[in-house]
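Hi,

Here is the structure I said I would pass on. Have a look at it first, and my notes follow underneath.

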Amino acid sequence: MRDYEEVTAFLGEWGRFQRLIFFLLSASIIPNGFNGMSAVFLAGTPEHRCAVPPGANLSEEWRNASIPLELRGGLTEPSRCRRYRLAVLANLSALGLRPGSDVQLAGLEQEPCLDGWEYSRDVYHSTIVTEWNLVCEDDWKVPLTTSLFFVGVLIGSFISGQLSDRFGRKSILFLTMAVQTGFSFLQIFSTSWEMFTVLFLIVGMGQISNYVVAFILGTEILGKSVRIIFSTLGVCIFFAIGYMLLPLFAYFIRDWQMLLLALTLPGLLCVPLWWIIPESPRWLISQGRYKEAEVIIRKAAKINNTPAPAVLFDTAEMQDSKPQQQQKAILLDLFRTRNIATITIMSLLLWFFTSVGYFGLSLNTPNLHGDAYINCFLSAVIEVPAYIIAWLLLRSLPRRYSISGTLVLGGGVVLFIKLVPADLNALSVCLVMLGKFGITAAFSMLYVYSVELYPTLVRNMAVGATSTASRLGSIIAPYFVYLGAYDRYLPYIVMGSLTVLIGILTLFLPESYGNALPESFEQMLKVKGFRNGQKNTGIRNSKESPKTLITPL
């Protein structure tokens, strides 16, 4: 594919065809935005208390006093998981005794919620939590639901690239759209938490696969200058638009099944795109299907009102110009020398904890002060300026300082939340959003930074390994949110501290800004404090430098 850019240069960079592909592929990402964060509302936990059955033979006074008080978040509130033993209360009620004056409630025997729970309908009318009583002894199932969705994302990250390489970008793009939409629809009819969770895992596989393949298809069809904007702003901002739509849907549709239906239907709008979005000509040529690629390119020229050359591809010449088979690398090559091993370990930690911070803050929005829907909307809106700032930083400032500065900003402001007075709840929300801004900006810059650190032979493998670390971070992020059940400030303290530490650690990585991409291990930049000399790795350097695709997984 060395000559593809030159052969198709006559199409221009930003004609009608390129604009159409840019916006349609970006728009196909919108459902990923609200599906990726849908657990915020589908698995929302409303306020709840033990149910007291109507036939409990209690006076109104004893019924109101049947729930013990407990200290939670510095406030005294009714217990969510315990009640006074109803048999004892019935006897006391029958004797005409009054709670508090005649009987000291603190000395009464307690029991779990044997008759289920009463749920507040102030925020949610129904969620999977109220559907299957995922509270108290079963509250561990709530973060597990979200974690298993991200397990599906991890699996989809592995298989999407391989499937699209084998069967084509377009076919897998629409197949994964169908998986995401179809299995989301099936979730509506879930009869148990286990069924819902298994389907949610499959939705996660389709969600990330759709995202990745749309990204690949766009970067292969669009020209070099547009490709950069598409990969840094196009897909990211349209993902954020989908994320913004989630709280709007959830605000007006507060039943989890109807909400799922509303989130599923937009996927059907992508069906007509099958007749508009073409297959990647690059992929077709790599498969030897030159005639099909030529048909697509000539159609693009017609859409752009650009005359096409009489001969686009000389098949024999294109076959002769294919690069020679490169030596394959293995995972251990990422640890072959002390320098590359240090870079790899630091990069894995950087991706892991940045992912924990991003998804932790995103999933924790219902636990903030104020309206859960407004907080989620603000969390989505703040991503748009974060992506724009990240793009500007990548264009003009060193990578280390940009990533480190935004991480320290994001983690640092989150640490201050505990110091905010209780009557300044709006300030707490502002600090969380500022933290989300910093971490989101850093997260979007990691893709470019990682690809600039590694040599050609292991570059794709390195990006895959670090992306896997990111997915592992998203899998455990719900459990950082779960820490809020013990102390509402604990998630912010833990996530903020880890984010600041990893931001400081980033300063010890090499600076890649303004440097050419390394072709060999010897050309790799050195970690701060290392000597410039490095032993030969024993791996033959590739003479070709294939184009590397940075996939924001």
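**Salt bridges and a pocket**

Let me start with one arginine: Arg 83 has a relative accessibility of 2%, so it counts as buried. Before you read too much into any of this, keep in mind that the model is predicted.

What does the side chain of Arg 83 meet in strand S5? That would be Glu 111, in a salt bridge with an N to O distance of 2.9 Å. The two sit in distant parts of the chain, with Arg 83 in strand S4 (residues 82-84), Glu 111 in strand S5 (residues 110-112), and their positions 28 residues apart. Glu 111 is buried as well, because its relative accessibility is 8% and the cut-off for buried is under 20%.

Arg 83 has another partner: its side chain also forms a salt bridge with Asp 115, at 2.8 Å from N to O. This pair again links distant parts of the chain, 32 residues apart, and Asp 115 belongs to the loop between S5 and strand S6 (117-119). Is Asp 115 buried or exposed? Neither, really: at 40% relative accessible area, Asp 115 comes out as partly exposed. Since these salt bridges share partners, Arg 83, Glu 111 and Asp 115 are joined into one network.

Elsewhere, Glu 511 makes a salt bridge with Arg 400, and here the closest N and O atoms lie 3.6 Å apart. The pair spans 111 residues, from Arg 400 in helix H19 (residues 399-415) to Glu 511 in the segment after helix H22 (490-506). Both ends are buried: Glu 511 has a relative accessible area of 17%, and Arg 400 has 8%. In total, the count of salt bridges comes to nine.

Now for the pocket. The second largest pocket has a volume of about 1,700 Å³. Which residues come closest to its centre? Out of 48 lining residues, they are Thr 45, Glu 47, Arg 80, Asn 367 and Gly 484. The elements that each give two or more residues to this lining are helices H4 (39-42), H8 (141-167), H21 (456-482) and H22, along with strands S2 (69-72) and S3 (75-78). If you are thinking about the chemistry of the lining, the classes split into 25 nonpolar, 13 polar and ten charged residues.

That's what I have for now.

Cheers

Definitions and conventions:
Residues are numbered from 1 along each chain as its sequence is written. This is a predicted model: local features need pLDDT of at least 70, side-chain atom pairs count only at pLDDT 80 or more; totals for chains, interfaces and linings use all residues. Side-chain values use heavy atoms; hydrogens and water are left out. A salt bridge is a side-chain nitrogen of Lys or Arg within 4 Å of a carboxyl oxygen of Asp or Glu. Helices (H or I, at least four residues) and strands (E, at least two) are DSSP runs, numbered from the N terminus. Buried means under 20% relative accessible area, exposed over 50%, partly exposed in between (1.4 Å probe, protein chains only). On a 1 Å grid over the protein atoms alone, a cavity is a set of points where a 1.4 Å probe fits but cannot get out, and a pocket is an open set with protein on both sides within 12 Å along at least five of seven lines; lining residues have an atom within 4 Å of a point. Grid points are joined across faces, edges and corners, and a volume is the space filled by probe spheres set on the points. Ala, Val, Leu, Ile, Met, Phe, Trp, Tyr, Cys and Pro count as nonpolar, Asp, Glu, Lys and Arg as charged, and the others, Gly among them, as polar.
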